[in-house]
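Trainee: Please take a close look at one part of this complex for me. Pick a single strand, and then place it in its surroundings.

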Amino acid sequence: MAEANKVKPKTEPKKILLAHGGGGQLTDELIRQHILPRFRNKTLAELTDSAKLNLDSRSVCFTTDSYVIKPLFFNGGDIGKLAVCGTVNDLAVAGSKPVALALSLIIEEGLEFELLEKILDSISKTAKANGVDIVTGDIKTVETGAADKIFINTAGIGIKLAGVDLGFGKIKPGDKIILSGTIGDHGMTILSQREGIKFQSPLKSDCAALAKLTCRLLENTKGIKFMRDPTRGGLAATLNEISKSTGLSIEINQPCIPVTPTVQAAADMLGLDVLNIANEGKFVAVVSPQSADKCLRICKRSSLGKKASIIGTVTKTHDVPAVEMVTRIGGRRIVPMPYGRELPRIC
Amino acid sequence: MCLAIPARIIELETDNAVVDAMGNRWQAKTTLLPQAKLGDLVLVHAGFAISMVDEEEAKKTWELFEEIDNFQKTRNKISG
Amino acid sequence: MQSACEKLGRQINIMEVCGTHTVSIFRNGIRTILPAGLKLLSGPGCPVCVTDQGYIDIVLQLADRKDCLIATYGDMIRVPGKNGSLEKRPSSNVRVVMSSEDALKLAKDNPKKVVVFIAVGFETTAPATAVVVKEAAQQNIGNFCILSGHKLVVPAMRALLSGKNHKIDAFLCPGHVSAIIGSDAFTEIAENFHRPCVVAGFEPIQIIEGLAEICRQLAEDEAEAKSVYAAVVTNKGNITAQKIISDCFEPADGLWRGLGKIEKSTLKLRDKYSRFDAFKRFGLTEAPTEELGGCRCGHVLCGLITPPQCSLFGNTCTPTEPVGPCMVSSEGACAAWFKYGRGK
């Protein structure tokens, strides 16, 4: 009898409860015990509704992205690392130095705390390694089934590098196209771990933050016209976007496009085209012909660009802007904009 | 309608095999190829090994391909 | 190849009857490096494209049933029927599988539902279906059945050559179907119709090798069934696979989109396995249906017109909003033409 009246010792919940997103005691505990210690910086510590940033420049880049990837953890990364790298990269290819991120979490009721902590650790580690602070954020919880474990949104601010002005308008026929490394790694890694397609593979996502390399390129060369990271839709989508927005055409050379044999074999098995597969640690740069070699050298000196290659040229359009590829055997074919959902096929 | 790739059998128990293609490993059945042994190069389609692959012949194609690849690369360097 | 064209002094029309060849030819831009007198026709080699409208409508009917779980290869997901496509059905009723074994496993894991395996494909894929039908029989798996849409290549080739308007001079034969049926299977076509039949692999060089051999034969007025895909194809093929096909299936007359009824051209489950036959289980028959308005997939499949000659091509029929299977299927001639050609 006496036992029943004893107050049970307060143990930390092992799973996320709806109350963690309620803005009350549990939310406060979550922030103070799990968020603040991982993202130590003055701005965040103030815990005001908005972060006050003192930026040295009036030229800033601002971006946002949401991350809903499945599985949450994969060879080469996880949703947390991706959430930092993805947004950092969007700032990097716009010609800015990333400085601050906002972090929003939407968590499904029932997510194990251990999993959340792992993701937070990853975000913290990646942000620190790339010199960005998490300065503000938000946590919401939803009922079981209303979200797939966790959705993350990050918004980022970067300071535009002096003298840098990238844009579609700068691209001209004759400009060279540089790809910073092998394609297809991220997308094929994810596919290899998806239910129904699972296969064992040494494949590793190329998830990485590119700001250090892009800043180095922009600070040391003059001829860079435009950059983009080929994420969803792969290289094909990025090149088609460039072609469509400029009204110019692009010609690329298949033998010059770096692909690892493992990725190629995996794509072949599923009937997919590597050009359409997502990448999370690569960028495409359109540069003036005079600066192409120098850009390539700078890329190759970095661990993020060892396999960089000049893959093609921007050309004048004859009838309709298109991306065309010279194939390994000297044939030519169009590289179309991908549908948006690559389905594995057997036939 | 014949998406199949050559892969090597690296594990085999009755007709359940694990095949390897450039490091990617899949499960495949060798029910249709009872003569297949560990170490053989086979053609895998829709989860089944459907044919043996003659390594000598396969090599010839790959060598030819590499030749063309290198030729194209040098050609592009010259013109590009 | 160039000299063969010159010697014959006329255009050479070679038909390839394998969707994977169609795609490889386009992806590698092979047409752009062929001599002017050599024309490649895309034939009915894409099993999805030649699947009759009626079959697709049956698949969709079954997908709408609460007691069914459809297991299908990715190829079929976007094929449109009268009422949308599998893609537009809730994913809880439709699962993409990579292998027939996955479909059987789905049945074991979902005892309350009837798993219907959409068995399409040519002789390359039929043995995989046969193996699981036998396993289902041995293991007594009652909630598994197949909707057989398997088709045979040689009868289709025969039908094409018997047609009135064909301009086919030779066939580039499918490499992996031949791994199963053997290159000798094409001898009757070569001999009875005096048309070269050459089996080639799918790498661009292998395709070119195949075309070169065809040209050589044409120039010498020869007509042989031959394989230049020595790494994988033998004369007799895979006997084990052939036996298992004939144990489970028997040839039956069937409907091919665009070609109509072809004798003994499809595979039907034998009576001893009829409990795994979805047609019988659900009391369905494949009835000929009308083509979706204006669609000329049939003519494209016979090589009578090129995709741009269909009035719907590129207008109302595009890869994002396809009307007929030739545009939907990743191997369809129209899709390949649109994607890799100039979108015209």
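Mentor: Start with the pairing in chain C. Strand 5 of chain C, residues 114–121, runs parallel to strand 6 of chain C, and seven bridges join the two. One of these pairs can be named: Ala119(C) has Ser148(C) as its bridge partner in strand 6 of chain C.

The connection comes next. Helix 5 of chain C, residues 126–138, joins with strand 5 and strand 6 of chain C in a β-α-β unit. That unit is right-handed.

Now strand 6 of chain C itself. The strand spans residues 144–150 and is mostly covered, with seven of its seven residues buried. Look at the two directions. Phe144(C), Ile146(C), Ser148(C) and His150(C) point one way. Cys145(C), Leu147(C) and Gly149(C) point the other way. Both sets are buried. In a regular strand, side chains alternate between the two faces of the sheet. Ser148(C), the partner of Ala119(C), belongs to the set with Phe144(C), Ile146(C) and His150(C).

A word on confidence. This is a predicted model. Chain C has a mean pLDDT of 87, and 96% of its residues reach 70 or more. For the complex, the predictor gives an ipTM of 0.85 and a pTM of 0.85.

Helix 5 of chain C also leads outward, to chain B. Across that interface, 34 residues of chain C are in contact with 23 residues of chain B. Helix 5 is among the elements of chain C that give two or more residues to this side; the others are helix 2 (19–27), helix 4 (100–109), helix 7 (175–181), helix 9 (204–219) and helix 10 (239–248). Helix 7 of chain C supplies the largest share, five residues. By class, the side of chain C that touches chain B has 18 nonpolar, 13 polar and three charged residues.

Then the partner. Chain B has one helix and five strands. Along the sequence its pattern is β-β-β-β-β-α. Chain B has 80 residues, and 40% of them count as buried. Among its contacts with a separation of 6 or more, 28% are between residues 24 or more positions apart.

For contrast with the buried strand, turn to chain A. Gly23(A) sits in the loop between helix 1 (2–5) and helix 2 (25–35) of chain A. Gly23(A) is exposed, because just 11 other C-beta atoms lie within 10 Å, and the cut-off for exposed is 12 or fewer. Lys140(A) is 117 residues from Gly23(A) in sequence, yet their C-alpha atoms are 8.6 Å apart.

Conventions:
Residues are numbered from 1 along each chain as its sequence is written. Chains are lettered from A and ligands numbered from 1 in the order in which they are written. pLDDT is the predictor's confidence in each residue, from 0 to 100. Helices (H or I, at least four residues) and strands (E, at least two) are DSSP runs, numbered from the N terminus. A residue is buried if 20 or more other C-beta atoms lie within 10 Å of its own, exposed if 12 or fewer, and partly exposed in between; C-beta atoms are placed from the backbone. Two strands pair if DSSP finds at least two bridges between them. A crossover is right-handed if, with the strands pointing away from the viewer, the path from the first strand over the helix to the second runs clockwise. Two residues are in contact if their C-beta atoms, placed from the backbone, lie within 7 Å. Ala, Val, Leu, Ile, Met, Phe, Trp, Tyr, Cys and Pro count as nonpolar, Asp, Glu, Lys and Arg as charged, and the others, Gly among them, as polar.
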